[in-house]
Amino acid sequence: MQPFTNLTGVVAPLPMINVDTDMIIPKQFLKTIKRSGLGASLFYEMRFDANGAEKADFVLNQPPYRDARILVAGENFGCGSSREHAPWALLDFGIRCIIAPSFADIFFNNCFKNGMLPVALPNAEVDALMTIARRGGEILTVDLEQQGITCPDGRIISFDVDPFSKECLLGGLDEIGLTLQKAPIIEDFEQAHRVRHPWLFA
Amino acid sequence: MTATIPGARTLFDKIWDAHVVDVQDDGTCVLYIDRHLVHEVTSPQAFEGLRIAGLPVRRPEAALAVADHNVPTTDRSRGIADAESRIQVDTLAANCAEFGIRYFSMDDVRQGIVHIIGPEQGFTLPGTTIVCGDSHTSTHGAFGALAFGVGTSEVEHVLATQTLLQKPAKNMLVTVDGALPFGVGPKDLVLAIIGAIGTAGGTGHVIEYAGAAIRALSMEGRMTVCNMSIEAGARAGLIAPDETTFAYLKGRPMAPDGDHWDAAVAHWLSLPSDPGAAYDTEVHLDAAAIAPQVTWGTSPQDVVAITGAVPVPEEAGDDGRRRAMLRSLEYMGLKAGTPMRDVAIDRVFIGSCTNGRIEDLREAAAVARGRKVASNVEAMVVPGSGLVKQMAEAEGLHRVFLEAGFEWREPGCSMCLAMNADRLAPGERCASTSNRNFEGRQGQGGRTHLMSPSMAAAAAVAGRLADVREFGGS
C-alpha cells in the first residue's frame with residue numbers, strides 16, 4: 001500500500017449529503033476482476049450523459065477541478081453498498097483525501113485499506129473548506145503526521161484520526177501481514193473457541 | 001430508559017467479547033470470524049491478493065460461496081450472455097476450486113442470494129460472527145449473530161487470517177411495542193424505523209431490535225428488518241435468539257445436530273441482553289401507529305405512509321436537506337404535495353435479499369390471486385434461491401403469479417441492483433421490494449419506490465401506488 005504522509009493538491013466541492021457508493025461507482029463497473037482503471041467511471045452518471053459525453057456542469061469536469069486531489073462533501077459520505085470499488089475509483093481518479101462532516105462506516109474503513117484518508121470535521125469547518133473549494137483551483141495541504149489541513153490563507157484546521165489507522169497510513173503497512181504476525185495468538189484462540197463451541201467446527 | 005446494572009451486557013457485547021483474539025494498545029481488536037459468505041463481485045481481487053502473497057485460505061470450511069449479483073434470471077441453459085458477468089462468475093468458481101471453498105454453482109438448486117442461502121442452509125447460527133463483502137450481511141443478525149458487511153480488502157483479511165481488525169461499535173436499542181396492524185408487515189416496520197432515525201442514524205452503532213412486535217415476527221420477518229439496518233447507517237442489526245430461531249434452524253443441512261444441537265441451544269439461550277444492560281442510544285416505536293410505507297425519494301429515509309403525500313422541500317429543517325429533497329424530487333419526477341396513491345408505475349419487482357423468501361412470495365401471491373397486473377405495468381417475481389423457487393412452485397404460487405400476468409424468474413439479486421440484464425429504462429418508475437432507492441440503483445435514470453411484497457403486488461394490480469389494506473390485506 002502506498003503510504004499517506006502529506007498531500008498537496010486542488011480541492012473540489014461536492015456539496016451533497018448522503019453521497020452513496022452507487023453514485024461514486026455505478027454497478028455496471030463492478031464486473032471487473034481488477035482494482036485498477038475505475039477512475040474513468042467515477043461518479044459516472046453525474047459526470048457523463050447517456051451518450052457518454054461529459055456533463056459540463058459536474059464539478060470534476062470543470063477545468064480547475066479536473067486534477068482535484070481532495071474532495072469536500074456533505075454528511076454521510078459513502079453510504080450504501082460495501083463496494084471497495086468506490087475508494088478504488090476515487091483513488092484511480094487521483095482523489096486520496098475526502099473531507100466531510102461524517103462518513104458511512106464501511107466506506108470509511110475501506111479508504112484506509114487503500115492509502116486514502118477520510119477526514120471528518122465539524123460542519124463549520126467543512127463549510128469553510130467548501131467555500132474555499134468553490135473559489136476554483138485552490139490548493140490545500142493535508143499533513144497526516146501533524147493531523148492538520150493548511151488552507152490557502154495559512155490557517156491550519158486540525159483533525160482526529162484513529163492512531164492505528166494513522167500508523168498504517170504513514171507506514172503504508174499491510175494489515176494482513178501485521179495480523180499474520182499474530183498467528184500463534186489466533187491459533188490459541190481458535191483452539192479454545194473450538195472447545196467452547198464445538199458445533200462451529202463440526 | 002431503564003436503569004443500568006454494572007456488568008450487565010448486551011447481546012452485542014456478549015458476542016463481541018467471545019470473539020476478541022487480541023486487543024491492541026489503541027483499543028483496536030483482532031476479532032475472530034466464524035463464518036464467511038463469498039460472492040462473485042467483491043471477492044476476485046481478494047483471491048488475487050492471496051495468490052500474489054502466496055497465502056492459503058486459513059479455514060476454507062468456514063466459507064460458503066455463491067454467485068448471485070450477475071446471474072441471469074431467465075433461461076440459464078446457455079450460460080451467461082454478458083461476457084464480463086460470465087468472467088466474474090467463472091472466476092469465483094475457479095477461485096473456490098483453487099482454495100477449497102464450498103461453492104453452489106448456478107445449476108445447483110441451493111444457489112440463490114447469499115443472504116438467503118446462509119440462513120436456509122443453517123450456515124448462519126446465533127452467537128457467531130459472520131461477514132461478507134456485501135452491506136446486506138446485516139440480514140443474518142436476525143439469528144442473534146454479529147453479521148456485517150466488509151470491503152474486498154477485509155474479505156482478503158478474513159480469508160487469510162480468519163480475523164478482522166475492528167473497534168467495538170456502540171449499542172443502540174430500537175424497541176417496537178404493541179402489534180402491527182392489519183396489512184402492515186416487517187418491511188413497513190423497518191422502513192418506519194429508518195424514517196424515524198434517518199439514513200445515518202445508526203452510524204457507528206449495532207442496532208438491537210426488541211419489543212413485542214419484534215418478538216412476534218417470524219424468522220423471515222426478522223431477516224427483513226435486520227437486512228435494512230445498513231439503510232439506517234448501522235453495519236449490523238441484532239435480534240435475540242429464541243424458540244422461533246431454534247425452530248427455524250433445527251434440521252437445516254449445516255445446523256448442528258445431536259449432542260452438538262443441545263450444547264448449541266444451551267449457549268444460545270445465554271445470549272439475550274442482560275436485564276439492565278446499557279445502550280448508548282434508545283429509540284421507541286409503537287407498532288400500532290405504523291401504516292403501510294412507501295418511499296418517495298432517493299434515500300431509504302425518504303419514506304411516508306401510503307396515505308400520505310410527497311413532502312414539501314421548503315418545509316425541510318436545514319439547507320442541505322432541502323437541496324437533497326429538491327434533487328430527489330427532480331430525479332423522481334414528482335411534485336411536492338402529490339398524494340402517493342396518485343403515482344402511476346411502470347414496473348414491479350418482487351424479490352431481493354430483503355423480500356425474496358417464501359413468506360414474501362406468499363404475501364404477494366395472496367394479493368395477486370385472482371387479479372390481473374394492470375395493462376400499463378410489467379411485473380416480475382424473482383425468488384431469492386432455488387429452494388425458495390421450488391417451495392413456491394410446490395405450493396402453486398408460480399401459477400398464481402403467472403395467471404395474474406407476473407413473470408416468474410430464476411433466483412438471484414436481479415433488479416435490486418441491476419447488475420444482470422434486469423433493469424429499469426431511464427424514467428421508468430418501479431414499485432420494488434428491494435432495499436435501496438438510490439439514483440440509478442435499478443438502472444440509470446430509473447425511479448424506485450420501496451415497499452413490502454403485498455404493497456408491490458397491490459401496485460402491480462392498480463397500476464399505481466396503492467394501499468394494500470383496500471385489497472383485503474395480506
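User: In this predicted model, which residue just after H2(B) takes a positive phi?
Analyst: Helix H2 of chain B covers residues 44–53. Just after H2(B) the phi angle turns positive, at about 70 degrees. The residue with this phi is B:Gly54.

User: Which helices are included in what covers the buried residues of H2(B)?
Analyst: The buried residues of H2(B) are B:Pro44, B:Gln45, B:Ala46, B:Phe47 and B:Gly49. Their cover includes two helices of chain B, namely helix H3 (83–99) and helix H5 (152–161).

User: Is helix H13 of chain B largely enclosed or left open by the rest of the structure?
Analyst: H13(B) spans residues 358–368, and its buried residues include B:Asp360 and B:Glu363 as well as B:Ile358, B:Leu361 and B:Val367. A residue is buried if 20 or more other C-beta atoms lie within 10 Å of its own. Eight of the eleven residues of H13(B) are buried, so the helix is largely enclosed.

User: Against which elements do the buried residues of H13(B) pack, and what is the phi of B:Gly370?
Analyst: The packing partners, in chain B, are strands E15 (347–350) and E16 (378–381) together with helices H12 (352–355), H14 (386–394), H15 (397–404) and H16. B:Gly370 comes just after H13(B) and takes a positive phi, with a value of about 75 degrees.

User: Which helix gives the most to the largest nonpolar core?
Analyst: The largest nonpolar core has 209 residues, and those with the most contacts inside it include A:Ile99, B:Leu189 and B:Val348. B:Ala456, B:Ala459 and B:Ala460 belong to that list too. Eight core residues come from one helix of chain B, residues 453–462, and that helix is H16.

User: Which residues is B:Val348 in contact with, leaving aside its neighbours within four places in sequence?
Analyst: B:Val348 is one of the residues with the most contacts inside the largest nonpolar core. Among its partners are B:Ala456, B:Ala459 and B:Ala460. The others on its list are B:Val377, B:Ala379, B:Met380, B:Cys430 and B:Ala431.

User: Why does the radius of gyration of chain B agree with a compact globule?
Analyst: The C-alpha trace of chain B spans about 60 × 55 × 45 Å along its principal axes. Of its 474 residues, 60% count as buried. A compact globule with 474 residues would have a radius of gyration near 23 Å, and chain B agrees because its own value is 22 Å.

User: What share of the contacts in chain B with a separation of 6 or more is between residues 24 or more positions apart?
Analyst: Chain B contains 16 helices and 19 strands. Among its contacts with a separation of 6 or more, residues 24 or more positions apart account for 77%.

User: Which strands stand at the edges of the five-stranded open sheet of chain B?
Analyst: The strand order is E5-E4-E3-E6-E7, with parallel pairing. The twist from one strand to the next averages 20 degrees. Two strands have a single partner each, so one side of each lacks a neighbour in the sheet: E5 (102–104) and E7 (146–149).

User: What is the bridge partner of B:Val131 in E7(B)?
Analyst: Strand E6 (residues 129–132) of chain B runs parallel to E7(B), joined by four bridges. Within E7(B), the partner of B:Val131 is B:Phe148.

User: Which residue in E12(B) stands opposite B:Leu173?
Analyst: A four-stranded open sheet of chain B has the order E11-E10-E9-E12 and parallel pairing. E11 (236–238) and E12 (281–286) are its edge strands. Strand E9 (residues 170–177) pairs with E12(B) over six bridges. Opposite B:Leu173 stands B:Glu282.

User: At what angle does helix H6 of chain B run to E12(B)?
Analyst: H6(B) comprises residues 186–197 and lies across E9 and E12 of chain B. Its angle to E12(B) is about 130 degrees.

User: How many residues of the side of chain A that touches chain B are charged?
Analyst: The contact takes 47 residues from chain A and 57 residues from chain B. Helices H1 (21–24), H4 (105–112), H6 (163–171), H7 (175–180) and H8 (183–196) of chain A each give two or more residues to this side. The residues on the chain A side divide into 20 nonpolar and twelve polar, and the charged ones number 15.

User: Is A:Pro184 buried or exposed?
Analyst: A:Pro184 is found in helix H8 of chain A. Because it has 8 C-beta neighbours inside 10 Å, A:Pro184 counts as exposed.

Conventions: Residues numbered from 1 in each chain as written. Chains lettered and ligands numbered in written order. Predicted model: local features only at pLDDT ≥ 70, side-chain atom pairs only at ≥ 80, totals over all residues. Core = buried A, V, L, I, M, F, W, Y, C linked by C-beta atoms within 7 Å. Buried ≥ 20, exposed ≤ 12 C-beta atoms within 10 Å, placed from the backbone. Contact = placed C-beta atoms within 7 Å. Rg over C-alpha atoms; globule rule 2.2 N^0.38 Å. Nonpolar A, V, L, I, M, F, W, Y, C, P; charged D, E, K, R; others polar. Pairing = 2+ DSSP bridges. Axes fitted to C-alpha atoms, helices over the stretch in contact; angles between N-to-C directions.
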